[in-house]
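Here is a brisk report on one protein chain. The topics run from the overall make-up to open and closed spaces, ring contacts and backbone details.

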Amino acid sequence: MENNSIEASVSTQSLIFRSGGNPVSFEVSVSNNSYQFTDFKLEVSAPGENHNPADKWYRLSPDVASAQPHGSTTKFQVIITDTPLPGFVGTVNLTVKVLSPQLRQERRLLVRLEITPGSQSATVNVELPVKQFQAYPRNTVDIPVRVRNIGPQFSELVLRLQGIEPEWCVGGAERRLSLDANTQVEVSFQCEPPSVLQAPSRNYPFHVEVIGQNLADANLDGSLEVLPVGFVELKIDPNRRQLPPGGHWLPNWTAKSTTFDVSFKNGSNVHQQVDVILQGKDAQKCSAHSLPPSASLDLGATTQVDLEIVANRPWVGIGQTLALEAKGVLSDRRLGSTDPATQSLEVRVLPLIPIWMQLAALAVLVAILGWLLKPSAAVHTDLVNTVRFSGDADTIVSGSNDGTIRRWQVLGDKVQPHERAGGVLANPNRATNVLRFMPENNNRVAAGLENGAVELLDVPTATKIDELIDPQLRGDRVFDLTFTQDSKYLFVGHGSGKVRVWNNPVLGGKLQPVAANLLDLNRLGQNSFEVHSLALSPDRHTLAIGGNFKRFILWDWTKNPAKQPTQLIAIQKLEKLDSKLSAGRGDYLWDLAFAPKAPNILATADSDGYVPMWDLA
């Protein structure tokens with residue numbers, strides 16, 4: 001970047017401005033010496049000026065010079081309409097800063113401004129250095145007022161704090177001040193909001209009135225915010241009810257609700273509207289209504305709400321106990337929640353028909369229950385992703401997007417759901433992308449799930465033996481699995497381009513991750529690689545990994561992947577077979593397979609419908 005891309009000059013080095021008089025101006029010429037279009041803007045500042053944007057003491061014409069070409073010159077006019085330092089008389093050096101966002105350069109120029117007194121110049125300047133204050137009840141806060149006498153004469157002032165209750169002002173709301181010539185002092189009004197009940201949380205605007213002579217115009221308005229503090233107490237006593245009430249042996253057909261007395265006490269300085277909501281593990285089994293719908297709480301007030309719980313009573317059974325929680329929701333969330341946040345409730349719901357009546361109708365009950373508990377059809381309800389035979393070909397397992405893993409019995413030329421649990425082997429509640437039987441223990445199957453986990457299932461007992469989750473790969477979808485023939489190693493391919501190796505040194509033991517064997521293909525230069533298929537060579541030394549862009553990787557997993565470079569073979573080499581073949585992000589190798597007795601022969605299945613054979617030697 002050039003060092004002299006911005007050239008600037010001013011039309012005059014000095015100006016005289018009379019306080020309260022007519023505006024004065026000067027020109028700034030800016031030249032673009034760069035070889036690009038660029039914008040220019042000006043900023044003018046004075047030492048000690050008030051940086052409040054509302055108190056602008058100059059204006060520019062134009063505001064910004066946009067898209068100026070190489071060699072062009074722009075003239076800015078700076079018009080001074082007021083003194084940058086209220087009440088100041090003397091000489092001040094103005095800094096003119098020329099900036100360019102595109103060039104990232106700036107130039108600074110100095111202009112000497114002499115300020116002379118007007119016919120009725122103000123010599124006393126009063127200001128609030130800080131305009132917004134915060135305090136908790138019973139805590140003090142100081143409101144400083146800065147007074148400066150720049151005139152040659154002694155001055156007497158009276159300062160009054162208005163808008164805040166006089167009782168809040170420690171030492172009174174008035175200050176009398178005698179100020180010598182050319183001096184500056186700072187006085188403070190000390191405010192202490194009273195107790196929580198007497199100081200509601202809100203903004204209290206105030207104004208400092210100044211009485212005296214030769215005063216400069218000033219904005220002496222501010223605000224004091226009393227911060228929220230305290231708590232809203234939640235109380236429910238008693239917290240156990242029975243539906244219907246009492247212990248009558250005759251049926252009470254009409255009782256469907258019970259009522260809790262909910263009490264709220266406002267011990268804060270915030271006016272609150274409190275709603276009662278019902279939650280807890282059994283909240284879906286009932287509904288709640290409060291009367292009144294919201295509790296209005298003034299400061300220090302106590303209010304009671306009737307919380308009615310409506311539950312559907314079963315016709316038969318021994319009854320159930322609903323575990324519920326009542327929660328108070330505050331309209332002003334600055335206090336967080338009530339104290340305590342929730343209150344535990346118990347509702348004992350009794351059946352409509354007493355026990356003795358249920359015994360009399362036992363036969364009808366058994367018939368109804370038999371009809372209600374009739375098992376549903378054993379089918380998957382969503383896309384089926386994977387199907388595997390067991391080694392003895394008597395059992396089939398299937399995984400689906402419906403969150404279930406099912407098993408099927410092979411009976412001659414027929415297949416039917418397994419008799420146990422309607423054919424459901426497991427309910428991972430997540431999509432199952434791949435299933436693999438362990439070669440050495442053919443009654444166990446590994447399931448690769450959508451959340452990055454691998455579940456090991458015992459097929460005969462339909463129990464989960466273990467769940468393999470690598471913290472680094474949580475939520476990283478599993479697309480393929482493969483075991484070594486001795487079942488001591490499990491390879492897991494993830495959608496992010498990573499392959500994790502798990503070790504099972506003792507057959508039937510717990511699989512452990514192999515620390516050195518986490519292959520990250522993206523770090524090896526295969527950007528955006530998604531693992532979709534795995535295949536292990538018969539000599540178990542080479543793992544073929546297929547993914548998008550119709551690529552596959554050959555990995556000697558027995559060596560350190562950091563020292564052993566991978567070999568990339570791309571399907572694009574077969575484009576001569578069909579000129580329409582492509583190899584974009586959406587083109588995949590869906591499956592890989594080694595020849596059982598020829599470890600160098602590999603077959604691949606791609607998204608264009610080809611099944612090429614590869615001689616890896």
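The protein chain holds two helices and 47 strands. The model is a predicted one. Of its 617 residues, 43% are buried. Take the contacts between residues at least 6 apart in sequence: 59% of these join residues at least 24 apart.

**Cavities**

How many cavities of 30 Å³ or more does a search of the whole structure find? The search finds two. The second largest cavity has a volume of about 30 Å³. Its lining consists of Gly452, Val454, Leu468, Asp470, Val492, His494 and Trp502. By class, that lining splits into four nonpolar residues, two polar and one charged.

**The second largest pocket**

The second largest pocket has a volume of about 420 Å³. It is lined by 16 residues, and those closest to its centre are Arg436, Thr482, Phe483, Gln485 and Leu536. Four strands each give two or more residues to this lining: E33 (432–438), E37 (478–483), E41 (531–536) and E45 (589–595). Which of them supplies the largest share? Strand E41 does, with three residues. The class count for the pocket lining is eight nonpolar, four polar and four charged residues.

**Aromatic pairs and a charge over a ring**

The model has seven aromatic pairs. One of them joins phenylalanine 552 and tryptophan 614. Their ring centres are 5.3 Å apart and their planes meet at 75°. Planes over 60 degrees apart count as edge-to-face, so this pair is edge-to-face.

What does the pair tie together? Phenylalanine 552 belongs to strand E43 (residues 551–556), and tryptophan 614 to strand E47 (residues 613–615). The pair therefore ties together parts that are 62 residues apart in sequence. Are the two partners buried or exposed? The cut-off for buried is under 20% relative accessible area. Phenylalanine 552 has 0%, so it is buried. Tryptophan 614 has 13%, so it counts as buried too.

Ring pairs also form a cluster: they link Tyr489, Phe491 and Trp557. Elsewhere, a charged side chain meets a ring. Arginine 241 lies over the face of phenylalanine 260, 5.8 Å from the ring centre.

**Backbone details**

Two cis peptide bonds and two positive phi values are set out here.

| Feature | Angle | Location |
|---|---|---|
| Cis bond, leucine 243 to proline 244 | omega near 0° | proline 244: loop between strand E20 (240–243) and strand E21 (257–266) |
| Cis bond, leucine 291 to proline 292 | omega near -5° | proline 292: loop between strand E23 (286–291) and strand E24 (294–297) |
| Positive phi, arginine 104 | phi near 55° | loop between strand E8 (90–100) and strand E9 (105–116) |
| Positive phi, arginine 138 | phi near 70° | loop between strand E11 (132–135) and strand E12 (141–149) |

Arginine 104 and arginine 138 have positive phi values although neither is a glycine. Are these arginines buried or exposed? Exposed means over 50% relative accessible area. Arginine 104 has 74%, so it counts as exposed. Arginine 138 has 56%, so it counts as exposed as well.

**Around alanine 378**

Where does alanine 378 lie? Its place is the loop between helix H2 (362–372) and strand E28 (384–389). Its relative accessible area is 18%, which is under the 20% cut-off, so alanine 378 is buried.

Which residues does alanine 378 touch, leaving aside its neighbours within four places in sequence? Its contacts are Arg406, Trp408, Pro417 and Gly422. The C-alpha atoms of alanine 378 and arginine 407 lie 9.9 Å apart in space, and the two residues are 29 apart in sequence.

Technical notes:
Residues numbered from 1 in each chain as written. Predicted model: local features only at pLDDT ≥ 70, side-chain atom pairs only at ≥ 80, totals over all residues. Heavy atoms only, no water. 1 Å grid on protein atoms, 1.4 Å probe; cavity = no way out; pocket = protein on both sides within 12 Å on 5 of 7 lines; lining within 4 Å. Points joined across faces, edges and corners; volume = space filled by probe spheres on them. Nonpolar A, V, L, I, M, F, W, Y, C, P; charged D, E, K, R; others polar. Phe/Tyr/Trp six-rings, centres within 6.5 Å; stacked < 30°, edge-to-face > 60°. Buried < 20%, exposed > 50% of the residue type's maximum accessible area, 1.4 Å probe, protein only. Lys NZ or Arg CZ within 6 Å of the ring centre and 35° of its normal. Contact = heavy atoms within 4.5 Å.
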